[in-house]
Amino acid sequence: MTESLSAASISAAFESAFGHAPDGVWSAPGRVNLIGEHTDYNEGFVLPFAIDRAAGVAVRLRTDSTARLLSSYGNQGVVTVDLDTLSHDTMTGWTAYPLGVVWVLRQMGVKIGGFDLYLHSTVPTGAGLSSSAAIECAVASAFNELSGAALSANELVLVGQRAENEVVGAPTGILDQSASLLATDGHAVFLDCRTQESTLVPLDLAASGLLILVVDTKVSHAHATGGYAARRASCELGAEVLGVAALRDVAAADLAEAAGLLDAETYRRVRHIVTEDQRVLDTVAVLGSEGPAAIGELLTASHASMRDDFEISCPELDLAVDTALANGALGARMTGGGFGGSAIALIPAAAETAVRDAVMAAFAGSGFSAPDIFAVSPAPGARRIA
Ligand code: GLA
């Protein structure tokens, strides 16, 4: 079940840890990417929506340069750091996310002194649902307001991305932070990752008798290492050989020629990006003309492309997708960076029990650990909640 984020309980936990009330409480959601995977750092298109699971932070400014941070994660207790000596060595573990954001803002010249901060999140970690971006965006929203910096949402997206890239060390794009900061209730965010121009696309699943189930495979992924960076490097190589600024500039009609210029593996990586960008555009068009019941095939084609061309799926994700499709899903795909994490299935609401039961049974039958399965619908983006 979704544990909803309570501003009152976050305030209470802050007060009991630090002995005074916070200046405010901010929340920012995790996301599901409906379609458009690994296209963000290729300056292409994505279509995520925020989910009703979020990170909440309570913050109170101090008059010295000390930061005290506490989270409901684990039992690490209060972490105390001197902001004037903040370095990559002192931004470790979960504190890399909030401190990374503060570090980036200070690098940009935003005046931030000491503070007390309490963090609680209902976004599952390692599930491919952007638990890290949720923290970054909640913290960025809090300090944007408390410092009076008044940065725009698109600027805060880049703050979160820099924290992720430069402090956490994951070479990710702007998908997750954009979803968390720009989303609104009932809509997906259609984002052009080259220009940061975005449009809100209505996504009323219930009106069409549909819902989206998330199947969290519990297979963990780590974007700071391995596969994600390797895929990004392949895309950069492909763009360089093809003589374009980014793979966004390669059209489907150019693929035949590209095949002759690239090695077989790089060609498959490029083909995924080029076809995925087109699927995002097609999904937005079909949502507008026919509604969500008609986008299933695009979702499933996206999964096949990630499985076969980009090679970022895994047996658990494939099983979740195949089982959902065999039991009434209109479309299904892995979502997020890949190598584990979650799949999504677009299903008729009436098929929910059948799909859930079938996926649980298939996982048990394959000797995989039980997944976590829950419905999501487009939720609001980052905001102050107290
Ligand atoms: C992760 C990254 C995003 C994006 C996706 C894949 O979520 O953080 O920037 O690249 O993977 O679409």
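This passage describes the enclosed space in a predicted model and the ligand found there.

Searching the whole structure turned up one cavity of 30 Å³ or more. The largest cavity has a volume of about 110 Å³. Thirteen residues make up its lining, and those nearest its centre are Asp-40, Leu-175, Asp-176, Tyr-228 and Gly-337. By class, the lining of the largest cavity is made of three nonpolar, six polar and four charged residues. Its position in the fold is easy to place: because domain 1 (3–201) and domain 2 (204–376) both contribute residues to the lining, the largest cavity lies between them.

The ligand is housed in this largest cavity. Its shell counts 13 residues, with Glu-37, His-38, Asp-40, Asp-176 and Tyr-228 coming nearest to the ligand. Three nonpolar, six polar and four charged residues form the shell. Each of domain 1 (3–201) and domain 2 (204–376) supplies at least three residues to the shell around the ligand.

A look at individual contacts fills in the picture. Glu-37 places a side-chain N or O atom 2.7 Å from an oxygen atom of the ligand, and Arg-31 has a polar side-chain atom 2.9 Å from a ligand oxygen atom. The backbone also takes part, with a polar backbone atom of Gly-337 lying 3.4 Å from an oxygen atom of the ligand. On its own the ligand has 310 Å² of accessible area, of which the protein covers 97%.

Note on methods: Residues numbered from 1 in each chain as written. Predicted model: local features only at pLDDT ≥ 70, side-chain atom pairs only at ≥ 80, totals over all residues. Heavy atoms only, no water. 1 Å grid on protein atoms, 1.4 Å probe; cavity = no way out; pocket = protein on both sides within 12 Å on 5 of 7 lines; lining within 4 Å. Points joined across faces, edges and corners; volume = space filled by probe spheres on them. Nonpolar A, V, L, I, M, F, W, Y, C, P; charged D, E, K, R; others polar. Domains from an automatic or database assignment. Near = heavy atom within 4 Å. Polar contact = N/O pair within 3.5 Å; in protein donor to acceptor, adjacent residues only side chain to side chain. Areas by Shrake-Rupley, 256 points an atom, 1.4 Å probe, with all protein chains shown as cover. Sits in = over half its atoms within 2 Å of the grid points.
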